[in-house]
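These are my notebook entries on the sheet of this model and on the helices that lie across it.

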Amino acid sequence: MNLLDRAAILHFHRHRIATHGDDVMALGWRNADSQHKRFEVIASLADFSGRTVLDVGCGRGDLKAFLDARFADVAYIGIDQMPEFIADANARYANGSPCRFYQADFSEVTFPRVDYVIASGALAYRTGDTGFVFDMIERFYASCERAVIFNFLDASRFPHDHPLLQGHDCDAVIAHCRRILPDVEVVRGYLDDDVTVRIRRPTEALA
């Protein structure tokens, strides 16, 4: 992701922070329900109890609260390039369960080794790099011990004229995932234009 892409993301979210404040719409979601439905799908695809989770594009750490309400002893790490979101997340969980938040461009940092890598919304941003989504999926998978779970916008249903967000070719994304590993689960239907994918390592399938 280049400098112009990063600047566009910063401008987009700062405008939405100014407009929506603490509402989830500042994160880029349409509303709380669309965020919640994505989280429900993620939670249905693994048992996160006692596991380490890296949340790529974590925003204010909403996924941490969602997982904590459903699973025990989740060790959570969040990363996001927006300093405002990371500051809010650190304040929100200052006295909570163990977690760490880092402000960084996730396309450039080295990810820690964790049980699960989750990316909800992180692959939705428009970029001039046509291979970006495929490169990131491979990096997510390389960092997970058990599985990577991510969602993305379906290009056949998401508007092509959005100033910042973009959809992807579902068939191309899924085919790329299956070249990494055949055990790929695809979930559709929870929202009109969103798709969730899980790539699970063989050790996780046997657990």
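Entry 1, the sheet. I worked from a predicted model. I looked up the strand order and found 3-2-1-4-5-7-6, in an open sheet of seven strands with mixed pairing. I then asked which strands form the edges. They are strand 3, residues 99-103, and strand 6, residues 184-187, each of which pairs on one side only. From one strand to the next, I noted an average twist of 15°.

Entry 2, the edge at strand 3. I checked how strand 3 is joined to strand 2, which covers residues 75-80, and counted five bridges. The two strands run parallel. For Asp80, I recorded Gln103 in strand 3 as the bridge partner. I also found helix 4, residues 83-92, lying across strand 2 and strand 3, at about 160° to strand 3.

Entry 3, helix 5. I located this helix at residues 132-143 and asked which strands it lies across. They are strand 1 (52-56), strand 4 (114-119), strand 5 (144-153) and strand 7 (194-200), and the helix runs at about 155° to strand 5. I next compared its length with expectation: at 1.5 Å a residue, twelve residues should span 16 Å, and the end C-alpha atoms of helix 5 are 17 Å apart, which agrees.

Entry 4, burial in helix 5. I listed the buried residues as Phe132, Val133, Met136, Ile137, Phe140, Tyr141 and Ser143. Viewed down the axis of helix 5, the buried residues fall within an arc of 165°, so they line one face of the helix. I noted the general reason for such spacing: an α-helix has 3.6 residues a turn, so residues three or four places apart point the same way.

Technical notes: Residues are numbered from 1 along each chain as its sequence is written. This is a predicted model: local features need pLDDT of at least 70, side-chain atom pairs count only at pLDDT 80 or more; totals for chains, interfaces and linings use all residues. Side-chain values use heavy atoms; hydrogens and water are left out. Two strands pair if DSSP finds at least two bridges between them. Axes are lines fitted to C-alpha atoms, for helices over the stretch in contact, and angles run from 0 to 180 degrees between N-to-C directions. Contact means heavy atoms within 4.5 Å. The expected span of a helix is 1.5 Å times one less than its number of residues. Buried means under 20% relative accessible area, exposed over 50%, partly exposed in between (1.4 Å probe, protein chains only). The arc is that of the directions from the helix axis to the C-beta atoms.
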